[in-house]
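Work through the exercises below with the sequence and the 3D view open. Try each task before reading its solution.

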Amino acid sequence: MTGRNFDPDAVRARPTVLPGMASTFAGQVASPPVISSKSATEVRHARSLNGKPIGLIPDFITEQERAALYKYASADDAPWETCLPKGDVWHGRLINPGSVSPKILKMMENIRKRTVAHIKAEYEITDPVYADTLQLVRWRPGDNQAPHADCEEPDGQPNATPWRAFASIIYLNDGYEGGGIHFPDRKLKPEIKPRTLAYFPSTNKYRHGVEAITSGLRYTMSCFYTFDARRHDGHLV
Ligand SMILES: O=C(O)CCC(=O)C(=O)O
Ligand SMILES: [Fe+2]
């Protein structure tokens, strides 16, 4: 699963809520106050989740939720952000909480709460978990993501989002070709249906990529979670 299918730049971590972003990135929520004095080295790391299974839960959201999120994201006037530079692989592909309608935001927060509860139980996590990202994402023909880990570089060095502990993705539609999520080191390319929840820790043990979309549009609701209270995105989990 290497080579021509992937644009190496497309591996860039999706931008999230970072200190100072609120003024320049319309649609991002303001940075939450620092509510922890723990230093980065004291915060629980994603590595503590190595060995936990990749979760794949069909029918995790209701058809009503899926249809509402899909309708919202696929509408002609959906508020895809245009603040990132045009050359950025994520330009025009993200809807952040600040630009979502109140009804949709409530639905997304509710889904995320259920997602976190599910993952905490499955992974036997009793520590507080904070959400760092809540986004709708679109993948157009040609969009792809090279195999990557969400918190570290291939050599184990921290990447641009080293606080991430695990991710969740909810798939909102079919009717596109390509776009399979796959875990090359595990030779795993799960069958994904609309309404499926996928989740996995953010380390190199869970390297994953997204094959290029070859036709149609792929929509997801995508979240990252952390044990670091300083990265809390201000929306409830
Ligand atoms: O959309 C997917 O299936 C995975 C996305 C992903 O890995 C990421 O955004 O880091
Ligand atoms: Fe990822």
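The exercises that follow use a predicted model.

**Exercise 1. The sheet of six strands**

Task: Give the order of the strands in the open sheet of 6 strands, and state which strands stand at its edges.

Solution.
Step 1. Follow the pairing from strand to strand: the order is β1-β8-β5-β11-β3-β2, and the pairing is antiparallel.
Step 2. Look at the two ends of that order. β1 and β2 each have a single partner strand, so one side of each has no neighbour in the sheet.
Step 3. Recall what holds such a sheet together: strands of a sheet pair through backbone hydrogen bonds.

**Exercise 2. Strand β8 and its partners**

Task: Find the strands joined to β8, name residues that stand opposite each other, and decide whether β8 is enclosed or open to the outside.

Solution.
Step 1. Take β1 (residues 55-57). Its link to β8 consists of 3 bridges, and the two strands run antiparallel. In this pair, Gly55 stands opposite Tyr199.
Step 2. Take β5. Here 5 bridges make the link to β8, again with antiparallel strands. Ala167 stands opposite Phe200, and Phe166 stands opposite Pro201.
Step 3. Sort the residues of β8 by direction. Leu197, Tyr199 and Pro201 point one way, while Ala198 and Phe200 point the other way.
Step 4. Check burial, for which the relative accessible area must be under 20%. In β8 (residues 197-201), 5 of the 5 residues are buried, so the strand is largely enclosed by the rest of the structure.

**Exercise 3. The sheet of three strands and the iron ion**

Task: Describe the open sheet of 3 strands, then identify the protein donors of the iron ion (ligand 2).

Solution.
Step 1. The strand order is β4-β9-β7, with antiparallel pairing. β4 (145-148) and β7 (181-182) are the edge strands, each pairing on one side only.
Step 2. Between β7 and β9 (residues 208-210) there are 2 bridges. Ile181 stands opposite Val210 of β9.
Step 3. Now turn to the iron ion (ligand 2). Its protein donors are NE2 of His148, OD of Asp150 and NE2 of His208, at 2.1 to 2.2 Å.
Step 4. Write the spacing of these donor residues along the sequence: H-x1-D-x57-H.
Step 5. Place two of the donors. Asp150 is in the loop between β4 and β5 (164-171), and His208 is in strand β9, so this pair ties together parts that are 58 residues apart in sequence.
Step 6. Both Asp150 and His208 are buried.

**Exercise 4. The two faces of helix α2**

Task: Compare the span of helix α2 with the expected value, and work out where its buried residues lie.

Solution.
Step 1. Helix α2 (residues 63-74) has 12 residues. From first to last C-alpha it reaches 16 Å, close to the 16 Å expected at 1.5 Å a residue.
Step 2. List the buried residues of α2: Glu65, Arg66, Leu69, Tyr72 and Ala73.
Step 3. Look down the axis of α2. The buried residues fall within an arc of 140°, so they line one face of the helix.
Step 4. Find their packing partners, which are β2 (94-95), α3 (102-122), β3 (130-139) and β11 (218-226).
Step 5. On the face turned away from the buried side are the exposed residues Gln64 and Lys71.

**Exercise 5. Positive phi in a loop**

Task: Examine phi and accessibility for Lys187 and Arg195, then find a residue that touches Arg195.

Solution.
Step 1. Start from the usual case: most residues other than glycine have a negative phi.
Step 2. Lys187 has a positive phi near 50°, and Arg195 has a positive phi of about 85°.
Step 3. Locate the residues. Lys187 is in the loop between β7 and β8, and Arg195 is in the loop between β7 and β8 as well.
Step 4. Apply the cut-off of over 50% for exposed. Lys187 has 78% relative accessibility, so it counts as exposed. Arg195 has 21% relative accessibility, so it counts as partly exposed.
Step 5. Thr62 touches Arg195, and also Arg114. Thr62 belongs to the loop between β1 and α2. Its relative accessibility is 36%, so Thr62 counts as partly exposed.

Technical notes. Residues numbered from 1 in each chain as written. Chains lettered and ligands numbered in written order. Predicted model: local features only at pLDDT ≥ 70, side-chain atom pairs only at ≥ 80, totals over all residues. Heavy atoms only, no water. Pairing = 2+ DSSP bridges. Helix = DSSP H or I, 4+ residues; strand = E, 2+ residues; numbered from the N terminus. Donors = N, O, S within 2.8 Å, 3.2 Å for Na, K, Ca; no water. Buried < 20%, exposed > 50% of the residue type's maximum accessible area, 1.4 Å probe, protein only. Expected span 1.5 Å × (residues − 1). Arc of directions from axis to C-beta. Contact = heavy atoms within 4.5 Å. Lists of a residue's contacts leave out its neighbours within four places in sequence.
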